[in-house]
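Hi,

Here is the model I said I would pass on, and my notes follow below it. Have a look for yourself before reading on.

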Amino acid sequence: MPRAMTSEEIRAFLIHGTRTAKLATSGPSGQPHVMPVWFALDGEELVFTTWGDSVKGRNLRRDPRAAIVVDDEVAPYAFVHIRGHVRLSEDLEEMLRFATAIGGRYMGADRAEEFGRRNAVPGELLVHLHPDRVIATSRRRWRLRRGGNEPLITRRRRPRTP
């Protein structure tokens, strides 16, 4: 059975490695728009940049509600889903700080500053997603067992009581 993650586990999961968030926004007629984004954390908020005239940018300017999913794409699978509202900023100094942090995470420390300067420009938006609801599931109780050529996911079973 999956189990809920603690706040500390959620934070550790989100900052681990280079997992990409899948951002969902609503188009003008309500149609969903989902795109991957690189992100950093600022306290409880998930932070990313996007071009202001992109579909994401236009959708978020019109409707500040958004959702993201960050998942572990290998067994035993886990995910964090955050639903909330965004605050948009065009402050270039703040944007440079976060874009550099995001660049360091995804491009490596040697390219962090280059990525930050490339993305902290007029026309770009800094997006802070404030969580209204978080759903996070870990399947740590599941273990991967190799049998034959294919991995088989099995669940530890509790002994039956008579």
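Which backbone oxygen does the side chain of Arg62 reach? It is the one of Ser26, at 2.4 Å. Before going further, please keep in mind that this is a predicted model.

Let me stay with Arg62 for a moment. Arg62 belongs to helix 2, which covers residues 55-62. With a relative accessible area of 41%, Arg62 is partly exposed. If you ignore neighbours within four places in sequence, the contacts of Arg62 are Ser26, Gly27 and Pro28. Pro28 sits 34 residues away from Arg62 along the chain, yet their C-alpha atoms are 8.0 Å apart.

That brings us to the hairpin. Strand 2 (residues 21-26) runs antiparallel to strand 3 (residues 32-37), and six bridges pair them. Ser26, the residue whose backbone oxygen Arg62 reaches, has Pro32 of strand 3 as its bridge partner. Five residues lie between the two strands, and in this hairpin Gly30 has a positive phi near 90°.

Now for the helices. Helix 1 spans residues 7-15, and Ile10, Phe13 and Leu14 are buried in it. Those three cover an arc of only 95° around the axis, so they are on the same side of helix 1. As a reminder, an α-helix has 3.6 residues a turn, so residues three or four places apart point the same way. The buried residues of helix 1 pack against strand 4 (40-42), strand 6 (65-72), strand 7 (78-89), helix 3 (92-107) and strand 8 (124-138). Phe13 has something else going on: the charged end of Arg19 sits over its ring, 3.9 Å from the centre. Just after helix 1 comes Gly17, with a positive phi of about 60°.

Helix 3 has a longer list. Its buried residues are Glu94, Met95, Phe98, Ala99, Ile102, Gly103, Arg105 and Tyr106. Viewed down the axis, they fall within an arc of 160°, and therefore line one face of helix 3. Exposed Glu93 and Arg97 are on the face turned away from that buried side. Helix 1, strand 4, strand 5, strand 7, helix 4 and strand 8 are among the elements that cover the buried residues of helix 3. Both ends of the helix are worth a look too. At the N-terminal end, Asp91 acts as the cap, with a side-chain oxygen 2.9 Å from the backbone nitrogen of Glu93. Following helix 3 is Gly108, which has a positive phi near 100°.

Arg105, one of the buried residues of helix 3, has its charged end over the ring of Phe39, 4.5 Å from the ring centre.

What about the aromatics? There are two aromatic pairs in the structure. One is Trp38 with Tyr106: the ring centres are 4.7 Å apart and the planes are at 5°, so this pair is stacked. Trp38 is in the loop between strand 3 and strand 4, while Tyr106 is in helix 3, so the pair ties together parts 68 residues apart in sequence. Trp38 also pairs with Phe115, this time in a tilted arrangement, at 5.6 Å centre to centre and 35° between the planes. Phe115 is in helix 4 (residues 112-119) and Trp38 in the loop between strand 3 and strand 4, so here the parts tied together are 77 residues apart in sequence. Trp38, Tyr106 and Phe115 thus make up one aromatic cluster.

Which of the three are buried, and which partly exposed? Trp38 is partly exposed, with a relative accessible area of 33%. Tyr106 is buried, because its relative accessibility is 12% and the cut-off for buried is under 20%. Phe115 is also buried, at 14%.

One last spot is Thr50, in strand 5 (residues 45-51). Thr50 is buried, with a relative accessible area of 4%. Its side chain makes a polar contact of 3.4 Å with the side chain of Lys56. Outside the neighbours within four places in sequence, Thr50 is in contact with Lys56, Gly57, Glu124, Leu125 and Val127.

Cheers

Definitions and conventions
Residues numbered from 1 in each chain as written. Predicted model: local features only at pLDDT ≥ 70, side-chain atom pairs only at ≥ 80, totals over all residues. Heavy atoms only, no water. Helix = DSSP H or I, 4+ residues; strand = E, 2+ residues; numbered from the N terminus. Buried < 20%, exposed > 50% of the residue type's maximum accessible area, 1.4 Å probe, protein only. Contact = heavy atoms within 4.5 Å. Polar contact = N/O pair within 3.5 Å; in protein donor to acceptor, adjacent residues only side chain to side chain. Pairing = 2+ DSSP bridges. Arc of directions from axis to C-beta. Phe/Tyr/Trp six-rings, centres within 6.5 Å; stacked < 30°, edge-to-face > 60°. Lys NZ or Arg CZ within 6 Å of the ring centre and 35° of its normal.
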